[in-house]
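Student: I want a close look at one part of this model. Please keep to the enclosed space inside it.

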Amino acid sequence: MNARQLLGAVVLSLCTAGAASRLEAQAGARPDPRVGLRAGWFDAGIAQWNMRLVSSTPPADQLVDRTQPGDFRFIGSDLAFRGNLVVQGNFSGFQIFDISDPRRPQLVSAYVCPGAQNDVSVYRNLLFLSSEGFEGRTDCGTEAPRGPVSPLRMRGIRIFDIGNPAQPRPIANVQTCRGSHTHTLVRDPADTANVYIYVSGSAPVRPAAELAGCSGRPPEQDPNSALFRIEIIQVPLAAPEQARVVSTARIFTGLGAPPTHGPSPEDSIAAAREAAAARARGEFTVMIQGEETVVPAGFARPLLDSIARAGGRTAPNAADSQALREALPRIVAQLIGEPSGPNQCHDITVYSFIRRAGGACGGYGLLLDISDVRNPRRIGAAADSNFAFWHSATFNNDGTKVLFTDEWGGGLQARCRATDRREWGANAIFTLSGDTMTFRGYYKVPAPQTAQENCVAHNGSLVPVPGRDIMVQGWYQGGVSVFDFTDPARPVEIAFFDRGPMDTTNLLPAGSWSAYWYNGLIFSSDLSRGLDILELEPSELLSRNEIEAARLVRFDYFNPQDQEHLVWPAAFVVARAYVDQLERGGGLPASRITAVRGALDRAERAAGTARRNALNQLAAALERDAAGSSDAARIRLLIETVRRLAGR
């Protein structure tokens, strides 16, 4: 993490190989239409490939000023799903949409409740929101609490009842010492009376005068320190108003300072110019890890005012400014501290099917054992000098891979330019064997973006295509990218959706914060433009059968950081999806592909005993095919599906 990212984090707190080669060749042969798109807010140019935009719904009027492009009262954040509802968080509150007709989503409610960053999750009738910023109030008021200590300040987890989604009802606030930047809803199969929340808080520790028991001293000085730990909240489902912190987990013990990289040469030059210009204007700068960094006014101004008040003045003078310049190195050093191991997580994804979690925690990707939900335990850690800020994690369905994202630049910087290294601001893909993570490869959205587009790896989820590891992911103004990482060393993009920049000369933050597959469609939360709904289209890289098989996987509700195990029903379209994959990857000769498809068609037209006999005969023939195939594993998946169909 470079100097700008370090200070920015503080300020934000405060305010298959053959098949893959073929896919790669097909994908790389086209000119990329994402380059040179027209700029605009709601009228930007659009490029889409192997997917299409179904609908785009702008933010509610009460949450955004449409006359101000990039209005920062509305920054769309994460998504959660329940039935036909999608909840979209934003820095001013949250919105609930009815998506019964995805072509025309209906706004059910727009709830105003400021508090960065309002990440959301749902369970039954409960909605959970993360609150970390200093402006959050316990009553969701719009006037920020004043002073360093306030009984009105809310930093932690908010709980709402959305049994009536048109009228969300606040029922509890659970305060935490560092607030909640993100959170993860965790279900314990052994404890169905409760759900749990893993809190990832990245802000400085709040004063004990504001929340009793909070301590920012190192753990060796205070065993109850709020540093180097995550907090676990228990939510009784019969009485959610009694939700409380029940344990903490020090999952960082023994981790030293991770390797990292500095800024790119272009960014170093730009930062130096920016700092020189700021000094000439009388603004404040400070050296951080050898780089002169401009101190944001929202950080410097309260400090300057406090110096003036200490001197009995209502407005700061030149002496006060000089005093702040001299004090800033010490103040920033105290906030950032010396290079060390992580003392917080940005995000945690739990995968209860394998009793594991992936923690993106500062400079590390952690593997956690969550067999005891209340006491998660670190069992593995990975570091990478190409990563600047480990952001989030996703497992593949069988739990043999985990993918971590790198939010280099904090989400507000252009990090997908032609000059930016492909390994920086990308995804890192690891294979899992027991408790061991082994790095295999990187994936980064392949089209270069402009210097006016914030772009870096961000949130996504699996697309439930049987037999393949496919993920959809938001890249801010890099758009939405769908890629195949079945071969973890050679991931390949297979679909995308992108818009042009907000502006041709200035970087105005926008783009896909998160993109998730839910019940047959892709939903993307745009920082500035609202909610997009997209649909995958058949192509040489993804067949209609594969898409239709994916649509068979349905959820009653979906929180992406509480990863679901994907199970496909016994269906002919699932079998045909596997056959399409065998054809694409050369796993069976063309004559056998034709024969297998014909056998499936005849079996589907038959019924009863005739169908069962036809399917059993096909399964036996496939057993013989598997013995000499280069893709025996996929044929085994096909055989399993055929036998399940025979047994229905």
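Student: Which strands each supply at least two residues of the lining of the second largest cavity?

Tutor: Three do: strand 28 (492-499), strand 30 (521-526) and strand 31 (530-536). Strands are DSSP runs of E with at least two residues, numbered from the N terminus. The model is predicted: local features need pLDDT of at least 70 and side-chain atom pairs 80 or more, while totals for chains, interfaces and linings use all residues. Residues are numbered from 1 along each chain as its sequence is written, and side-chain values use heavy atoms, without hydrogens or water.

Stay with the second largest cavity. Strand 28 gives the largest share of its lining, with 3 residues. In total, 15 residues line this space. Nearest its centre lie Gly479, Arg499, Gly511, Ser512 and Asp526. Of these, Arg499 falls within the range of strand 28. Asp526 falls within the range of strand 30. The volume is about 90 Å³. A cavity here is a set of points on a 1 Å grid where a 1.4 Å probe fits but cannot get out, and lining residues have an atom within 4 Å of a point. Volume is the space filled by probe spheres set on the points, joined across faces, edges and corners.

Now its chemistry. The lining of the second largest cavity divides into 4 nonpolar, 6 polar and 5 charged residues. Ala, Val, Leu, Ile, Met, Phe, Trp, Tyr, Cys and Pro count as nonpolar, Asp, Glu, Lys and Arg as charged, and the others, Gly among them, as polar. By that scheme Arg499 and Asp526, both by the centre, count as charged. Gly479, Gly511 and Ser512 count as polar.

Set this beside the largest cavity. That one has a volume of about 210 Å³. Its lining holds 21 residues, and Gly460, Ser461, Leu462, Phe558 and Pro560 are the closest to its centre. Strand 21 (390-395), strand 25 (460-463) and strand 29 (512-518) each give at least two residues to that lining. Gly460, Ser461 and Leu462 fall within the range of strand 25. By class, the lining of the largest cavity has 10 nonpolar, 10 polar and 1 charged residues. Leu462, Phe558 and Pro560 count as nonpolar.

Back to your part. Around the second largest cavity, 5 lining residues are charged, whereas the lining of the largest cavity has 1.

Technical notes. 1 Å grid on protein atoms, 1.4 Å probe; cavity = no way out; pocket = protein on both sides within 12 Å on 5 of 7 lines; lining within 4 Å. Helix = DSSP H or I, 4+ residues; strand = E, 2+ residues; numbered from the N terminus.
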